[in-house]
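Thank you all for making the time this morning. I would like to take you through one model and keep strictly to what its coordinates give us.

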Amino acid sequence: MLKKALIGAVALTALTAAQASAQYSDNKIKIGVLTDLSGTYSDLAGKGAVVAAQMAVEDFGGKVNGVPVEIVSADHQNKADIASSIARKWYDAEQVDAIAELVTTAAAIAVREVSKEKGKIDLVSGAASTALTNAKCSATGFHWTYDTAALANGTANAVVKNGGKSWYFLTADYAFGHDLQAQTERVVKANGGEIKGAVRHPFPNSDFSSFLLQAQASGAQIIGLANAGADTINAIKQAKEFGITQGGQSLAGLLVFITDVHSLGLDTAQGMMMTTGYYWNRDDETRAWSKRWSAKMDGKMPSMVHAGTYSSVMHYLKALAAAKTDDGMKVADQMRALPIKDASGFAVNGKIRADGRMVHDMYLAQVKKPADSKGAWDYYNIVRTIPGDDAYQSLADSKCDLVKK
Amino acid sequence: MMTLFGIPAAALFGQLLLGLINGAFYAVLSLGLALIFGLLNIINFSHGAQYMVGAFVAWLGLTYLGANYWVALILAPLVVAAVGVVLERTMLSRLYKLDHLYGLLLTFGLALIIEGVFRNLYGISGIPYAVPKELAGGWNLGFMYLPIYRAWVVIASLVLCVGTWLLIEKTKLGAYLRAATENPALVQAMGINVPIMITLTYGFGVALAAFAGVLAAPIYSVNPLMGSNLIIVVFAVVVIGGMGSIMGSIVTGFMLGLLEGLTKVIYPEAASTVIFMVMVVVLLIKPAGLFGKGA
């Protein structure tokens with residue numbers, strides 16, 4: 001009895017000693033989820049990302065070395081100025097240690113500037129632009145889920161190799177659309193394909209008939225949709241209406257989320273190829289995690305942004321525990337050193353590079369025919385796994401000044 | 001091949017036809033707005049939300065009641081009009097004597113609330129609504145492929161617009177309505193129930209919005225923001241046509257649809273702004289709008 005009590009006492013002292021040596025400012029860890037809670041991207045990111053971050057905290061046990069972890073969230077409305085002012089308030093006045101999710105490239109870059117200046121961690125999941133790991137890279141900034149280079153390498157490669165040699169683009173007329181088009185053109189040309197032209201449409205736009213007609217007249221085999229969200233949905237829907245797909249031309253959705261496919265319906269979306277960083281129905285692990293998420297989200301299934309947010313927050317918590325401090329630089333070093341593995345099944349073969357890019361396996365998916373779908377949200381066939389190193393921009397091409405050359 | 005403005009004529013005809021189709025939506029929506037402004041002096045900012053609700057009622061009817069597209073075309077305007085009548089009786093009717101700004105703020109607030117509720121319930125990505133079987137498919141016109149459904153949209157809108165114009169300008173009821181806007185007290189003195197007429201006018205105006213919503217459901221995805229994307233353009237159409245002018249809003253709606261269609265071929269980047277440039281020019285030259293009376 002006495003022996004047991006002694007051992008207990010020793011263990012307890014050891015534990016408190018460990019706590020005492022860990023340095024977390026304000027005796028609290030606060031992670032901010034900054035996302036679009038009400039606008040165009042609120043389904044593919046939004047509340048689902050907040051839920052995913054909370055799941056990561058719960059799965060980790062709610063505490064890091066005895067220090068409680070709290071999730072806060074806010075709506076950046078896809079605006080850079082709002083995003084950066086919230087980030088400043090969080091870092092300066094509310095003891096937030098890291099900001100996660102950050103859909104919309106402009107908002108992500110704005111927060112990146114603030115995080116860099118304060119030496120705090122950002123975990124970008126929803127934003128697409130490769131700028132985050134090139135000109136805008138930071139030692140404490142991470143780009144987790146996907147980027148325009150990975151989308152182009154995945155989808156455009158596969159489509160050109162399947163015989164889709166000539167391309168015409170419908171491009172959303174803002175930085176993201178231009179970036180996605182440029183990345184895709186590069187891949188198409190590298191594979192011996194040809195660019196027949198492009199039309200830039202206003203963002204957002206609801207009627208695509210006139211742009212689709214121009215694409216049809218170009219005679220290109222493939223119409224590449226360098227846009228996202230509602231724009232992509234409307235373009236695909238109207239392409240079907242105008243008989244473009246029946247006329248022998250194919251659409252390539254360059255950024256399509258599972259929430260978009262859900263909105264289109266399989267009847268309209270079937271056969272489309274796309275690149276994704278995550279699919280809930282890929283294996284037992286992804287199914288188990290996604291069902292837990294789904295139970296909190298009225299039966300919806302997670303997009304890659306949701307799973308990516310969980311994965312990035314989980315990895316951040318592990319790094320915090322290992323670093324025994326919330327100092328941004330030290331935690332970032334641990335994030336680069338620790339293996340990436342979590343319950344969501346995201347980040348297969350994941351590793352973080354010097355430019356902040358979390359490189360992991362991507363998947364080339366094709367939307368199922370309605371008859372092949374076995375139930376709600378059973379939408380994709382995974383055609384091919386794209387190894388991370390093939391999917392992402394090579395480190396040698398990076399313009400990030402943290403990359404030693 | 002023959003070319004006009006450096007564009008193959010065939011492509012140009014195609015684009016003009018598409019412009020006409022978009023113009024049909026502008027015309028029906030701006031007609032409702034013009035009607036409400038002309039008779040109630042209310043700038044109905046919730047028009048876009050009511051258009052969105054029309055599309056949602058069609059989807060809800062199909063999903064939960066099995067009501068097909070044709071039923072929805074009648075049902076949705078009635079449901080939305082009923083809600084509109086309640087809004088008019090309980091809220092709007094208190095604002096007629098106040099400045100325009102109050103009506104604008106109230107309806108703007110209502111639009112935000114309605115959109116917020118639908119966004120909360122159905123998310124942002126939208127819901128699919130299939131083209132009715134009878135109108136699926138299309139015709140190859142040689143210069144373009146015309147989906148039958150789009151042709152139907154133009155015809156239905158034209159019939160509706162002309163019908164409304166005839167109702168207001170050529171019937172006794174229309175004469176009462178016009179008289180009631182000029183001098184409500186006098187018309188009331190003649191034994192006509194003016195408040196009821198005003199309430200029904202508001203109901204009819206928002207029913208037009210809901211009708212356009214049902215027309216739009218198979219083309220665009222049914223989503224909570226579909227109205228707010230459109231409403232600003234429609235307001236520009238009403239301003240260009242002349243606030244409150246029925247004919248003005250119809251003609252301007254179709255004309256601006258055509259102009260926008262042309263812009264999409266010549267300089268696509270300006271497609272979303274061309275209507276506002278026209279608005280600026282019209283306001284400078286003719287502040288009351290193309291068809292407006294007086295300033």
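I will go from the contact between the chains to one helix of chain B, and finish with a single residue of chain A.

Please keep in mind throughout that this is a predicted model. Starting with the interface, 33 residues of chain A are in contact with 30 residues of chain B. On the chain A side, strand E8 (194–201) and the helices H7 (209–218), H8 (229–241) and H9 (258–264) each contribute at least two residues, and the largest share, six residues, belongs to H8(A). By residue class, that side of chain A is made up of 10 nonpolar, 16 polar and seven charged residues.

Turning to chain B, helix H3, residues 69–90, contains 22 residues and spans 31 Å between its first and last C-alpha, which is close to the 32 Å expected at 1.5 Å a residue. There is nevertheless a kink of about 25° at Leu75(B), shortly before the proline Pro77(B). That proline is itself among the buried residues of H3(B), which also include Tyr69(B), Gly84(B) and Glu88(B). As for what surrounds them, the buried residues of this helix pack against helices H2 (47–65), H4 (100–122) and H8 (194–216) of chain B.

Finally, let me return to chain A, where Asp26(A) sits in the loop between helix H1 (2–21) and strand E1 (29–35). Is Asp26(A) buried or exposed? Asp26(A) counts as exposed, because it has 11 C-beta neighbours inside 10 Å, and the cut-off for exposed is 12 or fewer. Its C-alpha lies 34 Å from that of Ser294(A), a residue 268 positions away along the chain.

Notes. Residues are numbered from 1 along each chain as its sequence is written. Chains are lettered from A and ligands numbered from 1 in the order in which they are written. This is a predicted model: local features need pLDDT of at least 70, side-chain atom pairs count only at pLDDT 80 or more; totals for chains, interfaces and linings use all residues. Two residues are in contact if their C-beta atoms, placed from the backbone, lie within 7 Å. Helices (H or I, at least four residues) and strands (E, at least two) are DSSP runs, numbered from the N terminus. Ala, Val, Leu, Ile, Met, Phe, Trp, Tyr, Cys and Pro count as nonpolar, Asp, Glu, Lys and Arg as charged, and the others, Gly among them, as polar. A residue is buried if 20 or more other C-beta atoms lie within 10 Å of its own, exposed if 12 or fewer, and partly exposed in between; C-beta atoms are placed from the backbone. The expected span of a helix is 1.5 Å times one less than its number of residues. The bend at a residue is the angle between axes fitted to the seven residues ending there and the seven starting there.
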